Amino acid sequence: YMDGFYESVGKIGVVPVVVLDRVEDALPVADVLVRGGLPSAEVTFRTACAADAIREMSERCPELMVGAGTVLTLEQARRAVDAGARYIVSPGYNMEVVDWCLENEVPVLPAGVTPTEVTALVNRGLEVTKFFPAAQYGGLGTIKALASVFVGHRFMPTGGVSAANLREYLECPAILACGGTWMVKPDLIRAGEFERMYELTREAAQT
Ligand code: 3PG
């Protein structure tokens, strides 16, 4: 199941990170992402409606590969999967979360930025590390340096990825996919700018 997960993430190439304040926005955002060509959403457990939004999306938009982001605790991971999340993403490495996911065959993508952190993830059998926050930790240069040591390991930079640098990131063979909010910024969602989000999604999908 992890191989299949990595393959589908790599095929989409960009994982939109979705921060929702209102569950009513879940379906319109899902629709924009599917129509724009990025049928994936990492719905962050940073807002109270995250689990409800995941449930809406997974029940009513089956084309969308919906997962949960910002998962810090086992309790959040359980709630996310219960709501229909098909994968779990974390901004760091919590052993409890990762162990539970692997025991239950839930695809999981934890983050690391240092050689020690990547070592821990590699030794846990993971083949892809989310590299977060990418810009602040040296971006592409750091990923290339890590990739030269962790041969065959791949990365998903997130944090500071944008339309301006997406291509450069994706050209690196050690990068499986990029994550980010830029096509569905919370401000755009709040303002109901669905046409704009569609255009930004399409632009990212075609990069
Ligand atoms: C995340 O939630 O992973 C990051 O906040 C995304 O960072 P970005 O807003 O720079 O894309």
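## An exposed loop residue, Glu105

With 9 C-beta neighbours inside 10 Å, Glu105 counts as exposed (the cut-offs are 12 or fewer other C-beta atoms within 10 Å for exposed, 20 or more for buried, and partly exposed in between, with C-beta atoms placed from the backbone). Glu105 sits in the loop between helix 5 (95-103) and strand 5 (108-109); helices here are DSSP runs of H or I with at least four residues, strands are runs of E with at least two, and both are numbered from the N terminus. Its phi is positive, near 55°, and Glu105 is not a glycine.

A word on the model: it is a predicted one, where local features need pLDDT of at least 70 and side-chain atom pairs count only at pLDDT 80 or more, while totals for chains, interfaces and linings use all residues. Residue numbers start from 1 along each chain as its sequence is written.

## Two more backbone oddities

Thr70 also has a positive phi, about 55°, without being a glycine. You'll find Thr70 in the loop between strand 3 (65-69) and helix 4 (74-83), and Thr70 is partly exposed, with 18 other C-beta atoms within 10 Å.

Then there's the peptide bond from Phe132 to Pro133, which is cis, with omega near -10°. Pro133 belongs to the loop between strand 6 (128-131) and helix 7 (139-149). For background, most residues other than glycine have a negative phi, and most peptide bonds are trans.

## Strand 1 and its neighbours

Strand 1 (residues 14-18) is mostly covered, with five of its five residues buried. Val14, Pro16 and Val18 point one way, Val15 and Val17 the other. That's the usual picture: in a regular strand the side chains alternate between the two faces of the sheet.

Strand 1 pairs with strand 8 (residues 178-180) in the parallel sense, over three bridges; pairing takes at least two DSSP bridges between the strands. Opposite Pro16 in strand 8 stands Gly180. Strand 1 also pairs in parallel with strand 2 (residues 40-44), over two bridges, and there Val17 has Glu42 as its bridge partner.

Put helix 2 (residues 26-36) between strand 1 and strand 2 and you get a right-handed β-α-β unit, meaning that with the strands pointing away from you, the path from the first strand over the helix to the second runs clockwise.

## Around the ligand

Val17 turns up again among the residues around the ligand, as do Gly180 and Phe132; to be included, a residue needs its C-beta atom, placed from the backbone, within 6 Å. Other members include Thr44, Gly69, Thr158 and Trp182. The shell divides into four nonpolar, eight polar and no charged residues, where Ala, Val, Leu, Ile, Met, Phe, Trp, Tyr, Cys and Pro count as nonpolar, Asp, Glu, Lys and Arg as charged, and the others, Gly among them, as polar.
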